[in-house]
Amino acid sequence: MPQAQQEALARQYGVDLDQIQGGAAQTRPEVNQQISVVEPLEKGAGQNEEDQGASNPSKEEQAFSKKNYGLKPFGYELFEGKPSTFAPVTEIPVPANYTLGPGDELKVQLWGNENRQLSLTVSRDGTIEMPERGPVNVAGMSFQQAREEISRLVAEQYIGVKAAVSLGELRSMRVFVLGEARTPGSFSVSSLSTITNLLYVSGGIRYTGSLRNIQLKRNGKVVSTLDLYDLLLKGDTSGDARLQPGDAVFIPAVGPRVGIDGEVYRPALYEINGATTLEKLVNLAGGLTSQAYPQITRIERTNQDFLRIIAEADLTSTEGKGAKVKAGDRISVASIADVTGQYVEITGAATREGKFAWLPGMRVSSIIRNLDADLLPIADTNFAALVRTNPESHKISVLSLELKAAIANPGGAEDLMLQEKDQLLLFADEGRSELTQGTGRKANEVYQSYSRDTLFNPVVKRLKAQATPSAPQQTMIISGPVRYPGEYPLPATGKVKDALVMAGGLKDSALMLDAELARRNLNNDGVEHTQLRTVNLVDAMNDQTDLQLQSRDRLMVRSIPLFGATRTIKLAGEVVYPGEYTFSDGETLVDVLKRAGGLTSNAFPRGSVFTRKKLRELEAQRLAEAEKRLQGDLLGVQLEGDNLGGQTAQRVEQVQGLLGDVQNSRPVGRMVIDLASVLEDSSYQSIRLQDGDTLHVPIIPQAVSVFGEVQFPTSHLHTAGLTVDDYLERSGGPTRQADESRVYVVKADGSVMLPEKSAWFGGRSQLLQPGDTVIMPIDVDRLNQLELWTNVSQIVYQMALGAAAVGNL
């Protein structure tokens, strides 16, 4: 029943036609539906390791590449794939001479006085059932004959009706793929299938299978052979025979293989069929490239003693072309050398590096025409170097030029004439490195790639290598305040000016009075000694000196003494005009204080804090060393266990606390001075200033501080007549860990007084003044780790000094 009538009946009776036809639709796809019979050969998400090992060609490629110097077998990727279904292949054009047989379907479209669509299947007896006509025998007819016969019968049976005949579903047949197929087995294919169709459906041929001797067997006999090289290389399909039911396509093992690489278009492993010459093998590989050097063709092969030997053949000669190749040979076609003449080369910070054609009369401006278009933004436009090769001796020399002047004035003195094989070096300017952010690389990396050190390094090495006793190495060393100090090629002009330009020029800190030139000479005894000469840089830069640089000269440019050195001291606190003052060499603290207006009426000079940058650095170093020793001693206490009377954990905790205090402390760099004596006593030692000094003059204090192992560390209002013990008592007295015999006092000026060695300890409280600090240290004798706690006490002593200084700021 036509589809339209089926849909009308389904709507009339309320039946879902899709549900009825669902099973059939699943088992028999639509005619226009595309069926993917073969998928690309790759690892699938659900493929297990065993399947991957059997069907994944990457393992075979790796194995063949390893054995054959990276060469892959030729032609196997043509049919490479994995079957995705066992449905017969029907997407094959039907030729007019196709022979009909049982199972084929003919579709007949009638039009004219009667419009009908007929679907006629060839039965097993070779007939089709024509409506109102009866069976018609079509078996053995070609499709063209059957079409003509049906058209004739329709014209006789129906008046005014014409017929259009086409083929529908074709009969399928069972055939076999055996041997070195990627997926051997039995397959259902269309009756139109050929050998290549079957190879495609079966997933292709394994690397161990032959491409040149594929056999079609019928009833146990070989009826046809297929050489796929004819198909791949010539497009010849004459050997692609049509299959019949029960046929078997057998793929034997691969035959002898020969590898070829180098300057051919298709480097690969090729299967040779019988005797093959070197010329035929090159033709199989697509022929020689334009870069091939056929006169040197290397042949590696295994001799009778199973040793690999090397032979050569000339492909330009008849003998070389006819040379026989053998299984296992590896042929390598050499390439011609790089351009060896008629060129100039640009290297460095150019937009287009490489070799360019050279013509007589060319100048630098002939290849660098525009600084913006031809150079990178980072390029140094003030200097370029020209490396020239002597055509006779093949030795190099270096010429310097001012690139900007050469481009601005073509044909001028700076626009040097180029010779064959000249190499123009274009350098990067470190000061322009920020302009390279748009290049996709870091500015420093771009600069390093084109720096003088990078580009000149191979030139300097070559100059050293070509040196002889009669021709010393043409290099020199430039040091001092130049932009790029280092080792450079000796300028061909021998001028100091050109050498300095090569090093980037002089910095503003360079002393223009003179420079020192050290030169190594041989005396009469053949012993080398150093000779020093003075070079006037002003005359050298103006070309007013006849000094010529020589091999291995060392030019040292002197720096202006104390160039750019700004030395300052910071005055803070009770100073009339506090601030940061600049001082000259030899100036003292008194001189700067006079410039600052002196001290105010509320100043407390005895408690002033004078700090120095170098002392801070020294204290930081000492604290770091003490911390390292303390950590080592702490580890020893932890490893010793309970040897401290079962109080190891408590002692470790205490030391860890002290260690934390040391780590958190900051060096002060205080130097103890008596500021009052500095200002009033002319016999007192002068304080010569250094860069980074600071002076803080506090206001007159009223307190005495108590720190260390007391119950309540704090500060107390100064009261005349109170002793050290009185202030300790006001802070709650010592703790159990205090060492009362080692109490000391940090005076307001930073000096330390030991009570047991002073006369005031007996009750002379007048020695305690406002701003003094009493320190109660920890008792280190209570523990048997004497060395450990001695270190701790020293560190705490330093911390107490720092705390006292900070407290007075």
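The following exercises, each with a worked solution, concern local features of the predicted model shown above.

Residues are numbered from 1 along each chain as its sequence is written, and side-chain values use heavy atoms, with hydrogens and water left out. As the model is predicted, local features need pLDDT of at least 70 and side-chain atom pairs count only at pLDDT 80 or more, whereas totals for chains, interfaces and linings use all residues.

**Exercise 1. Describe the setting of Asp227.**

Step 1. Locate the residue: Asp227 is in the loop between strand S11 (221-226) and helix H7 (228-234). Helices (H or I, at least four residues) and strands (E, at least two) are DSSP runs, numbered from the N terminus.

Step 2. Assess its burial. Asp227 has a relative accessible area of 13%, so it is buried; the classes are buried under 20% relative accessible area, exposed over 50% and partly exposed in between (1.4 Å probe, protein chains only).

Step 3. List its surroundings. Leaving aside neighbours within four places in sequence, Asp227 is in contact (heavy atoms within 4.5 Å) with Leu211, Arg212 and Asn273. In addition, a polar atom of the Asp227 side chain lies 3.1 Å from the backbone nitrogen of Tyr229.

**Exercise 2. Characterise the backbone and exposure of Asn219 and of His394.**

Step 1. Read the phi angles: Asn219 has a phi near 55°, a positive value in a residue other than glycine. For His394, also a non-glycine residue, the positive phi is near 60°.

Step 2. Place both residues. Asn219 is found in the loop between strand S10 (214-218) and S11, and His394 in the loop between strand S22 (379-389) and strand S23 (396-401).

Step 3. Assign the exposure class. Asn219 is exposed because its relative accessible area is 78%; His394 counts as exposed at 51%.

**Exercise 3. Determine how strand S27 (residues 510-522) pairs with S28 and with S29.**

Step 1. Apply the pairing criterion, under which two strands pair if DSSP finds at least two bridges between them.

Step 2. Examine S28 (residues 528-535): this strand runs antiparallel to S27 and is joined to S27 by 8 bridges. Ala518 has Leu532 in S28 as its bridge partner.

Step 3. Inspect the hairpin of S27 and S28. There are 5 residues between the strands, and Gly526 takes a positive phi near 80°.

Step 4. Turn to S29 (residues 554-559), which pairs with S27 in the antiparallel sense over 5 bridges. Here Ala510 is partnered by Ser559.

**Exercise 4. Establish the partners and the burial of strand S13 (residues 257-262).**

Step 1. Judge the cover: 5 of the 6 residues of S13 are buried, so the strand is mostly covered.

Step 2. Take S14 (residues 268-271), whose pairing with S13 is antiparallel over 4 bridges. Val258 has Tyr270 as its bridge partner in S14, and a hairpin of 5 residues joins the two strands.

Step 3. Take S19 (residues 330-335), whose pairing with S13 is parallel over 4 bridges. In S19, Ser332 stands opposite Asp261.

**Exercise 5. Relate Leu768 to residues distant in sequence.**

Step 1. Leu768 lies in the loop between strand S38 (752-753) and strand S39 (773-776). Its relative accessible area is 5%, so Leu768 is buried.

Step 2. Val724 is 44 residues apart from Leu768 in sequence, yet the C-alpha to C-alpha separation is 7.8 Å.

Step 3. Not counting residues up to four places away in sequence, Leu768 touches several residues, among them Val724, Tyr727 and Val745.

Key:
A polar contact is a pair of N or O atoms within 3.5 Å; within protein, one must be able to donate a hydrogen and the other to accept it, and residues adjacent in sequence count only if both atoms are side-chain atoms.
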